Amino acid sequence: MIRRATTEDIDLIWHIADAAFGSSPWPKSVFEHDLASPRTAYFIGDGGFVGVTTILDEAEIVSVAVHPDYQKQGVAQNIFKHIFNMKQVTRFLLEVSAQNGGAQALYRKLGFTEYYRREKYYRNGDDAIMMEKKID
Ligand SMILES: CC(C)(COP(=O)(O)OP(=O)(O)OC[C@H]1O[C@@H](n2cnc3c(N)ncnc32)[C@H](O)[C@@H]1OP(=O)(O)O)[C@@H](O)C(=O)NCCC(=O)NCCS
């Protein structure tokens, strides 16, 4: 089951992000801010979450994480399919590290394509790949 997170899910989201990335790339305050924002929604399902900020007909995927115990079981894919049904959204956007082959494979499988590459975008010097998916 996939559900929209509330402010009470902050610890769950933090725990998943911490485990998925080894250490959460975002401070807890970012999740607190996002969960209180009317523009941003986090969707939770079976040990994973996807955060999405919507402005008019565009939605930006702001975070994606699945706890290692639940990875490679279709969790991220299922949450994305739920999100693709969001009304009024015609374009989804995200950025992913050029080094993150697993996440890129997920996004390509879901129909995202690369539209731009930001060189040395991340603090460690890695490039960012900007991806989009348009919905008719
Ligand atoms: C990337 C991540 C979110 C994928 O979540 P997941 O629930 O394991 O992904 P799914 O099981 O839904 O995978 C669906 C498809 O994505 C691709 N995929 C997912 N993880 C992959 C990996 N590690 N290597 C290669 N392909 C992968 C596959 O094509 C897979 O389809 P298949 O099972 O038919 O082969 C998860 O590995 C994760 O949290 N990683 C650490 C955090 C991270 O990198 N977040 C994204 C930052 S942009």
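Begin by selecting Lys133, which is found in strand E7 (residues 128-134); keep in mind throughout that the model on the screen is predicted. Lys133 is partly exposed, with 19 other C-beta atoms within 10 Å. If residues up to four places away in sequence are set aside, Lys133 touches Phe92, Leu110, Gly111 and Phe112, and these can be added to the selection. For a separation across the fold, draw a distance from the C-alpha atom of Lys133 to that of Thr54, which lies 79 residues away along the chain; the two atoms are separated by 14 Å.

**Along strand E7**

Move next to Lys134, whose place is also in strand E7. Is Lys134 buried or exposed? With 11 C-beta neighbours inside 10 Å, Lys134 counts as exposed, because the cut-off for that class is 12 or fewer. Not counting residues up to four places away in sequence, Lys134 touches Thr90 and Arg91, while its C-alpha atom is separated by 8.9 Å from that of Leu93, 41 residues apart from it along the chain.

Then select Ile129, which lies in strand E7. Here the count is 22 C-beta neighbours inside 10 Å, so Ile129 counts as buried. Leaving aside neighbours within four places in sequence, the contacts of Ile129 are Glu95, Val96, Ala98, Gln104, Glu114 and Arg117. One of these contacts, Gln104, is 25 residues apart from Ile129 in sequence and 8.8 Å apart in space, C-alpha to C-alpha.

**The whole chain**

Zoom out and colour by secondary structure, which comes to four helices and seven strands. From the N terminus on, the elements follow the order β-α-α-β-β-β-α-β-α-β-β. The radius of gyration of the chain is 14 Å, close to the 14 Å that the globule rule gives for 136 residues, so the chain is as compact as a globular protein of that length. Along its principal axes, the C-alpha trace spans about 35 × 35 × 30 Å. Buried residues make up 24% of the 136 residues, and of the contacts with a separation of 6 or more, 55% are between residues 24 or more positions apart.

**Two domains and the side between them**

Now colour by domain, using 1-87 for domain 1 and 90-136 for domain 2, as the domain assignment gives them. The centres of domain 1 and domain 2, taken over C-alpha atoms, are separated by 17 Å. Where they meet, 10 residues of domain 1 are in contact with nine residues of domain 2. Which elements give two or more residues to the side of domain 1 that touches domain 2? They are strand E4 (58-66) and helix H3 (75-83), and E4 supplies the largest share, five residues. By residue class, this side of domain 1 divides into six nonpolar, one polar and three charged.

**Helix H1 and what covers it**

Stay in domain 1 and select helix H1 (residues 10-21), whose 12 residues should span 16 Å at 1.5 Å a residue; the end C-alpha atoms are 16 Å apart, which agrees. Within H1, highlight the buried residues, Ile13, Ile16, Ala17 and Ala20. Turn the view until you look down the axis of H1: the buried residues fall within an arc of 100°, so they line one face of the helix. An α-helix has 3.6 residues a turn, so residues three or four places apart point the same way. To see what covers the buried residues of H1, show the elements that include helix H2 (28-36), strand E2 (40-45), strand E3 (48-55) and E4. H1 is followed by Gly22, whose phi is positive, near 85°.

**Two loop residues with positive phi**

Most residues other than glycine have a negative phi. Two further stops are worth comparing with that statement. In the loop between E2 and E3, select Asp46, which has a positive phi of about 40° although it is not a glycine. Asp46 is partly exposed, with 15 other C-beta atoms within 10 Å.

Finish in the loop between E3 and E4, where Leu56 has its place. Leu56 is likewise not a glycine, and its phi is positive at about 50°. What is the exposure class of Leu56? With 9 C-beta neighbours inside 10 Å, Leu56 counts as exposed.

Terms used: Residues numbered from 1 in each chain as written. Predicted model: local features only at pLDDT ≥ 70, side-chain atom pairs only at ≥ 80, totals over all residues. Domains from an automatic or database assignment. Contact = placed C-beta atoms within 7 Å. Nonpolar A, V, L, I, M, F, W, Y, C, P; charged D, E, K, R; others polar. Rg over C-alpha atoms; globule rule 2.2 N^0.38 Å. Buried ≥ 20, exposed ≤ 12 C-beta atoms within 10 Å, placed from the backbone. Expected span 1.5 Å × (residues − 1). Arc of directions from axis to C-beta.
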